[in-house]
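Here's a quick tour of one structure, taken a piece at a time. Have your viewer ready and follow along.

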Amino acid sequence: MGGVSVHGQASLLSVSLVIPAFNEETVIKRCLLAAIYQTVAAEQIIVVDNGSTDGTSAVVGRMQQEHPHSGIVLLRQDAEQGITPTRDFGFSAAVGEVLGRIDADSRVEPDWVEQVQQAFMDPDIAAVTGPVIYYDMPLHRLGLKADDAARKLVMKLASGRYPFLFGSNMAVRRSAWEHIRFQTCRDESDEMHEDIDLSLHLSDNGLRIAYLPTMVAGVSARRLEDSPGCYRYYVDRFERTYRAHHVNGWALKVPAIIFRSIYLPLKLLRTMRVARAGDCSPGQGMGDGIDATAIRLSD
């Protein structure tokens with residue numbers, strides 16, 4: 001499945017980074033800056049605007065003008081609403097041998113592309129995922145260690161059957177995607193986790209999913225601002241996804257248990273941080289005025 005050099009050794013594969021976006025004008029610039037300033041450049045940085053009604057496309061357009069050699073591509077997918085058709089649209093347009101997928105509020109670490117390329121030097125790996133840092137929460141380093149530990153535990157428990165991908169920080173080998181692309185669920189009712197659905201189809205086809213602790217992305221904890229009911233609906237997507245695939249097992253329940261258990265304590269921390277940021281002077285709030293090239297979230 002991997003690329004081969006003239007000397008018979010695995011070569012580094014090109015990476016296209018796909019970012020589905022819907023009304024993300026407030027976060028997409030920082031996402032793109034992090035994707036641009038990499039130790040190894042991505043072949044493409046594809047933003048797929050899924051019918052945004054705000055200035056998302058305008059922000060991406062300005063970034064294209066300011067960084068003409070960055071490989072930023074802006075596409076629109078207005079035929080269907082939802083992350084699954086939007087992701088698929090971006091994957092279909094990508095030219096890279098590896099298809100990265102992050103969210104519009106993700107901020108990949110400066111060596112993210114490099115780490116992904118190194119992972120796919122193993123020809124047996126079909127997809128890879130990594131830990132995240134919640135950049136708008138306190139205690140970044142502690143949070144990363146906790147997230148890494150939790151994901152390692154879940155991957156270990158599920159490794160015998162269904163290891164999973166995390167949509168905010170994942171990459172899939174193009175050949176693996178092409179193998180399963182017409183098997184993945186469309187989820188018109190928007191009830192499942194599209195990343196879990198993708199990982200289930202990969203596993204059902206005997207395609208290996210790996211966990212890479214050094215493949216780090218920053219994400220927002222803004223979901224904690226949801227009401228308890230909305231948050232519960234989000235967490236219950238795990239169960240609905242597994243039910244749709246007719247799979248079960250106690251190990252598969254662990255992610256949902258973790259998400260439920262952290263909601264109240266992390267929501268309190270999030271509320272305190274937002275309140276503290278509100279007391280800052282202009283330009284000194286959460287991340288304001290910080291250039292993406294000057295910060296490594298995991299430091």
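## The small open sheet

R107 stands opposite G218 in β10. That facing pair belongs to β5 and β10 (residues 217-219), which run antiparallel and are joined by two bridges. Helices here are DSSP runs of H or I with at least four residues, strands are runs of E with at least two, and both are numbered from the N terminus. Two strands count as paired if DSSP finds at least two bridges between them.

Zoom out a little and you get an open sheet of three strands, in the order β5-β10-β7, with mixed pairing. β5 and β7 (132-134) sit at the edges with a single partner strand each, so one side of each has no neighbour in the sheet. As background, strands of a sheet pair through backbone hydrogen bonds, either parallel or antiparallel.

## What you're looking at

This is a predicted model, so local features need pLDDT of at least 70 and side-chain atom pairs count only at pLDDT 80 or more, while totals for chains, interfaces and linings use all residues. Residues are numbered from 1 along each chain as its sequence is written, and side-chain values use heavy atoms, with hydrogens and water left out.

## A parallel pair and its crossover

Next, β2 (44-49) and β3 (72-76). These two strands run parallel, joined by five bridges, and V48 stands opposite L75 in β3. Put α2 (56-66) into the picture and β2, α2 and β3 make a right-handed β-α-β unit. Right-handed means that, with the strands pointing away from the viewer, the path from the first strand over the helix to the second runs clockwise.

The same two strands share a side-chain link: R76 and D49 meet in a salt bridge (3.2 Å, N to O). R76 lies in strand β3 and D49 in strand β2, so the pair ties together parts 27 residues apart in sequence. A salt bridge here is a side-chain nitrogen of Lys or Arg within 4 Å of a carboxyl oxygen of Asp or Glu. D49 is buried, at 0% relative accessible area, whereas R76 is partly exposed at 39%. The cut-offs are under 20% relative accessible area for buried, over 50% for exposed and in between for partly exposed (1.4 Å probe, protein chains only).

## A mostly covered helix

Helix α1 (residues 28-36) has eight of its nine residues buried. They are I28, R30, C31, L32, L33, A34, A35 and I36. What do they pack against? The buried residues of α1 pack against β1 (15-21), β2, α2, β3 and β5 (107-108), with contact meaning heavy atoms within 4.5 Å.

## More salt bridges

A search of the whole structure finds 18 salt bridges. One of them joins the side chains of E80 and R186 (2.7 Å, N to O). E80 lies in the loop between β3 and α3 (83-93), and R186 in the loop between α6 (174-180) and α7 (194-204), so the pair ties together parts 106 residues apart in sequence. E80 is partly exposed at 34%, and R186 is partly exposed at 33%. Both belong to a salt-bridge network that links E80, R87, D88, R101, D103, R186 and E194.

Then there's K253 with E239, whose side chains meet in a salt bridge at 3.8 Å, N to O. K253 is in the loop between α9 (237-244) and α10 (254-278), while E239 is in helix α9, 14 residues apart. K253 is partly exposed at 44%, and E239 is partly exposed at 35%.
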